[in-house]
Amino acid sequence: PRAWELDLYDCWNGDCFFKGENIENATLIVRGEWDSAFSFKDAEDLFLQMKNARSKRYYVVDKATHVLHLEENRKALYQMVQFFLKSNRI
């Protein structure tokens, strides 16, 4: 297996290569409502662990999957990213 496949496997099994509490930068999490690669619980757990992030936002896009950027409602993703970047002056 390739390194990134091992990283994903580890994350899916509770041994992720990074820790949410070590994230200090402004962070945006966006997931599709129908994302089967990472669950609502996965994203929520990460969001809650990011206690040291300068700022953090978590959005769920309705009727979207893990490849939201390729789907019909991708404009919602783009708007969320644009708003996040502007609000954090990144």
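In this predicted model, Arg-2 and Glu-5 form a salt bridge, with 3.1 Å between the closest N and O atoms. Arg-2 is exposed, its relative accessible area being 51%, whereas Glu-5, at 28%, is partly exposed. The structure has two salt bridges by the rule applied. The other joins the side chains of Asp-45 and Lys-41, at 2.7 Å from N to O. Asp-45 and Lys-41 are four residues apart in helix α2, so about one helical turn separates them. Lys-41 counts as exposed, with 52% relative accessibility, and Asp-45 is partly exposed at 28%.

The relative accessible areas of the residues in these bridges, and of two aromatic residues taken up below, are as follows.

| Residue | Relative accessible area | Class |
|---|---|---|
| Arg-2 | 51% | exposed |
| Glu-5 | 28% | partly exposed |
| Lys-41 | 52% | exposed |
| Asp-45 | 28% | partly exposed |
| Trp-12 | 47% | partly exposed |
| Phe-38 | 28% | partly exposed |

Aromatic contacts come next. Four aromatic pairs are found in a search of the whole structure. One of them is formed by Trp-12 and Phe-38, a tilted pair with 5.8 Å between the centres and 40 degrees between the planes. Trp-12 belongs to helix α1 (residues 3-12) and Phe-38 to the loop between β1 (27-32) and α2 (40-49), so this pair ties together parts that are 26 residues apart in sequence. Both rings belong to partly exposed residues, Trp-12 at 47% and Phe-38 at 28% relative accessibility.

Phe-47 and Tyr-58 make another tilted pair, 6.0 Å centre to centre, with 35 degrees between the planes. Because Phe-47 lies in helix α2 and Tyr-58 in strand β2 (residues 56-61), the pair ties together parts 11 residues apart in sequence. Phe-47 and Tyr-58 are also linked with Phe-40 into a cluster by ring pairs. In addition, the ring of Phe-47 has the charged end of Lys-56 over it, 4.4 Å from the ring centre.

The largest pocket holds about 670 Å³ of space. It is lined by 25 residues, of which Phe-18, Phe-38, Asp-42, Ala-43 and Leu-46 are the closest to its centre. Phe-38 thus appears both in this group and in the pair with Trp-12. At least two lining residues come from each of α1, β1 and α2, and α2 gives the most, with six. By residue type, the lining divides into 12 nonpolar, seven polar and six charged residues.

Terms used. Residues are numbered from 1 along each chain as its sequence is written. This is a predicted model: local features need pLDDT of at least 70, side-chain atom pairs count only at pLDDT 80 or more; totals for chains, interfaces and linings use all residues. Side-chain values use heavy atoms; hydrogens and water are left out. Rings of Phe, Tyr and Trp (its six-membered ring) pair if their centres lie within 6.5 Å; planes under 30 degrees apart count as stacked, over 60 as edge-to-face and the rest as tilted. Buried means under 20% relative accessible area, exposed over 50%, partly exposed in between (1.4 Å probe, protein chains only). A charge sits over a ring if NZ of Lys or CZ of Arg is within 6 Å of the ring centre and within 35 degrees of the ring normal. On a 1 Å grid over the protein atoms alone, a cavity is a set of points where a 1.4 Å probe fits but cannot get out, and a pocket is an open set with protein on both sides within 12 Å along at least five of seven lines; lining residues have an atom within 4 Å of a point. Grid points are joined across faces, edges and corners, and a volume is the space filled by probe spheres set on the points. Ala, Val, Leu, Ile, Met, Phe, Trp, Tyr, Cys and Pro count as nonpolar, Asp, Glu, Lys and Arg as charged, and the others, Gly among them, as polar. A salt bridge is a side-chain nitrogen of Lys or Arg within 4 Å of a carboxyl oxygen of Asp or Glu.
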